Amino acid sequence: MQWTKVLGLGLGAAALLGLGIILGHFAIPKKANSPAPQDLDLEILETVMEQLDAHRIRENLRELSREPHLASSPRDEDLVQLLLQRWKDPESGLDSAEASTYEVLLSFPSQEQPNVVDIVGPTGGIIHSCHRTEENVTGEQGGPDVVQPYAAYAPSGTPQGLLVYANRGAEEDFKELQTQGIKLEGTIALTRYGGVGRGAKAVNAAKHGIAGVLVYTDPADINDGLSSPDETFPNSWYLPPSGVERGSYYEYFGDPLTPYLPAVPSSFRVDLANVSGFPPIPTQPIGFQDARDLLCNLNGTLAPATWQGALGCHYRLGPGFRADGDFPADSQVNVSVYNRLELRNSSNVLGIIRGAVEPDRYVLYGNHRDSWVHGAVDPSSGTAILLELSRVLGTLLKKGTWRPRRSIVFASWGAEEFGLIGSTEFTEEFFNKLQERTVAYINVDISVFANATLRVQGTPPVQSVVFSATKEIRSPGPGDLSIYDNWIRYFNRSSPVYGLVPSLGSLGAGSDYAPFIHFLGISSMDIAYTYDRSKTSARIYPTYHTAFDTFDYVDKFLDPGFSSHQAVARTAGSVILRLSDSFFLPLKVSDYSETLRSFLQAAQQDLGALLEQHSISLGPLVTAVEKFEAEAAALGQRISTLQKGSPDPLQVRMLNDQLMLLERTFLNPRAFPEERYYSHVLWAPRTGSVVTFPGLSNACSRARDTASGSEAWAEVQRQLSIVVTALESAAATLRPVADL
């Protein structure tokens, strides 16, 4: 019986082997009959463009901005549930949706002891107080959930001293005051927004012994000079006199207690006494009506012409008040700040559509959810579009009409206003996975600053996909221009390759794209509609970060009819589909060549002679740029050749990975040890005046007045080597993958 079993098994095995060979023969794809690979479906694209509804975006915004939703507040958590409900809807939801929570350090004003700014007379009594809240002009500014204006992360304290006016609080502004013979030790500095970051104003002031800082928005910078109540909201889009810009004064981004680690229970947390990046002295923002009371009564030398503003008086430097003003000459300003730090839970919400062919390649689209008050423009205009885009794509998904080639991840980030916290914690937690798998990150935060034209910031490889998308979408308003043609009227540049094209701005650290580009090296973009710069000098929309940023403000003044919101939705939607569905990724790495060439030319023209004096040659940099240009052009040619045939999908996948991973080659985590999270050698902060590779520009600026052989000139050589190495690595990444 034993042998029969063996024979039976042998025959069975032979039969199975034969069946396998037959099945395998028919299962092997025959080139002539292979189905076309999944690619961008223009009919699906057109359907999405048609179904993105301006009215639905408007209603989304009405709901999102109905109540204040400060990070970690009950209303913020309500919106988490709203997003989960939408993304799990059986008819228009996504494949999956989930919220993840981080315990992070946030800063709030004390409800029991509000921050106050007083003028104290010679006898110690309070003779004048600045407003603690904004005027309740529409019934929405006085609610219990409207947070008092404050400088997040500014320390508590009650400094008092003579007032000086320090313009924008830049280091050179304080040096100018010293040049004028003004003793800064123990004074209170009044500064205006703009010029340098919020936190930098306090850092710079503290270096000069200043005890406290006040910050205001000058009507010249935000209101085109207009300041009377009948000229401002709710009668126009301009900021009312009582409006105060809130904001985070934290120098870095991410949770302050867990740098480079996700803020999860198991992570190490820095002792609070050792946390860096907080303002060193008490700081408080005020409205321009209060700034007028202070500044228009100042004593001292007339401020420089470039320091003047639109408060209706001649700005003087101080210190102290003039004898013929509204306050006694030796009166002082007291700044009482009672902010507190709290550990709070803050949530990110992710909605996922799985890719049909390449589910391990991610196209990320995100915006933050939290606001300072109602946040209709910032950030809810972006979230309103996020919800409408996910609804349209989710409906197609649930109907079985469409599934993307690659996975799409929608993200609603928490606690962005405090320092890009939610997005940074996400990139820290999933660092390796995101670096290995993410095609691009699309950010739509403030989707509509104003309704004149598109404005896109991004890294060079995303230029081509944005141009392709905008050429096919009609611009809002009269006429028959595309968004592209309208855009080029407002922001353009002359390209040596393409001629006159719209200009893309570069990415700083103003929104949640920052950790993706600077920390992970992921090609990123930020999309919005914005102003006609010939008609306004506003540095940003006037009610930014105030209690006047409401639904009615958007509905009446920024975008009546919501056609600009719809235009942004269509642009972002088209970009998402092109990145997630195209067989060949529509990232054009050769567009980096223009940026590198312009950086090189600036270095040669503005730094070449100086470097030669110190025996430093730009020759290796020239060679590295030329190598990159050649390899980028060669890769473009290989792609063009493949597109004309019927390439093996694996071959295309390898090419796509080269396109996707190029941005990572520009990372060097040791390039800027003084900068947290900044690793991208092309887009790190530039403090030098020469518009070239930032590390080289900054190092030359610091070394310029030092002797040859100094540490400063050694740093110039190090930064030059870092750039050359990055460019050579980038060129190597673009070569055929079998060519080591």
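## Close-ups of a predicted model

Buried residues make up 57% of the 740 residues in the chain. Keep in mind as you look around that this is a predicted model.

**Figure 1. The whole chain, with its 21 helices and 19 strands.** The radius of gyration is 29 Å, close to the 27 Å that the globule rule gives for 740 residues, so the chain is as compact as a globular protein of that length. Along its principal axes, the C-alpha trace spans about 115 × 65 × 65 Å.

**Figure 2. Two stretches that carry a UniProt domain label.** An unreviewed UniProt entry puts "domain: PA" at residues 162-247. That span is 27% helix and 16% strand, and its end C-alpha atoms sit 25 Å apart. The label "domain: Transferrin receptor-like dimerisation", also from an unreviewed UniProt entry, covers residues 616-735. Here the make-up is 60% helix and 0% strand, with 29 Å between the end C-alpha atoms.

**Figure 3. The disulfide between Cys296 and Cys313.** The model has 1 disulfide by the distance rule, and its two sulfurs are 2.0 Å apart. Cys296 and Cys313 both lie in the loop between α8 (288-295) and β11 (332-336), so the bond ties together parts that are 17 residues apart in sequence. Look along the S-S bond: the torsion is about -80°, so this disulfide is left-handed. How accessible are the two partners? Cys296 counts as buried at 17% relative accessibility, while Cys313 is partly exposed at 22%.

**Figure 4. Cys130, a cysteine with no partner in reach.** Why doesn't the sulfur of Cys130 bond with the closest cysteine sulfur? That sulfur belongs to Cys296 and is 13 Å away, which is too far for a bond. Cys130 is buried, with 8% relative accessibility. Another buried cysteine is Cys700, at 0%.

**Figure 5. A salt bridge from helix to helix, Glu63 to Arg75.** Side chains of opposite charge can pair when their charged atoms come close. The structure holds 30 salt bridges, and in this one the closest N and O atoms are 3.2 Å apart. Glu63 belongs to helix α3 (residues 54-64) and Arg75 to helix α4 (residues 74-87), 12 residues apart. Glu63 is partly exposed, with a relative accessible area of 26%, whereas Arg75 is buried at 8%.

**Figure 6. Glu245 and Arg198, a salt bridge with both residues buried.** The N to O distance is 3.6 Å. This pair links distant parts of the chain, 47 residues apart: Arg198 is in helix α6 (residues 198-207), and Glu245 is in the loop between α7 (219-222) and β9 (247-248). Relative accessible area is 5% for Glu245 and 18% for Arg198.

**Figure 7. Sequence neighbours Asp360 and Arg361 in a salt bridge network.** Their side chains meet with 3.5 Å from N to O. Asp360 counts as partly exposed at 27% relative accessibility, but Arg361 counts as buried at 9%. Which residues join them? Through shared salt bridge partners, one network takes in Glu358, Asp360, Arg361, Arg405, Arg406, Arg653 and Asp657.

**Figure 8. A nonpolar patch on the surface.** Leu650, Met654 and Val737 make this patch of about 270 Å². Met654 is found in helix α19 (residues 649-661). Is Met654 buried or partly exposed? Met654 is partly exposed, with a relative accessible area of 35%.

How values were computed. Residues numbered from 1 in each chain as written. Predicted model: local features only at pLDDT ≥ 70, side-chain atom pairs only at ≥ 80, totals over all residues. Heavy atoms only, no water. Patch = residues over 30% accessible without salt bridge, like charges linked within 9 Å, V, L, I, M, F, W, Y side chains within 5 Å. Areas by Shrake-Rupley, 256 points an atom, 1.4 Å probe, with all protein chains shown as cover. Salt bridge = Lys/Arg side-chain N within 4 Å of Asp/Glu carboxyl O. Helix = DSSP H or I, 4+ residues; strand = E, 2+ residues; numbered from the N terminus. Buried < 20%, exposed > 50% of the residue type's maximum accessible area, 1.4 Å probe, protein only. UniProt positions renumbered as here; feature names shortened; annotations may be inferred. Disulfide = S-S within 2.5 Å. Rg over C-alpha atoms; globule rule 2.2 N^0.38 Å.
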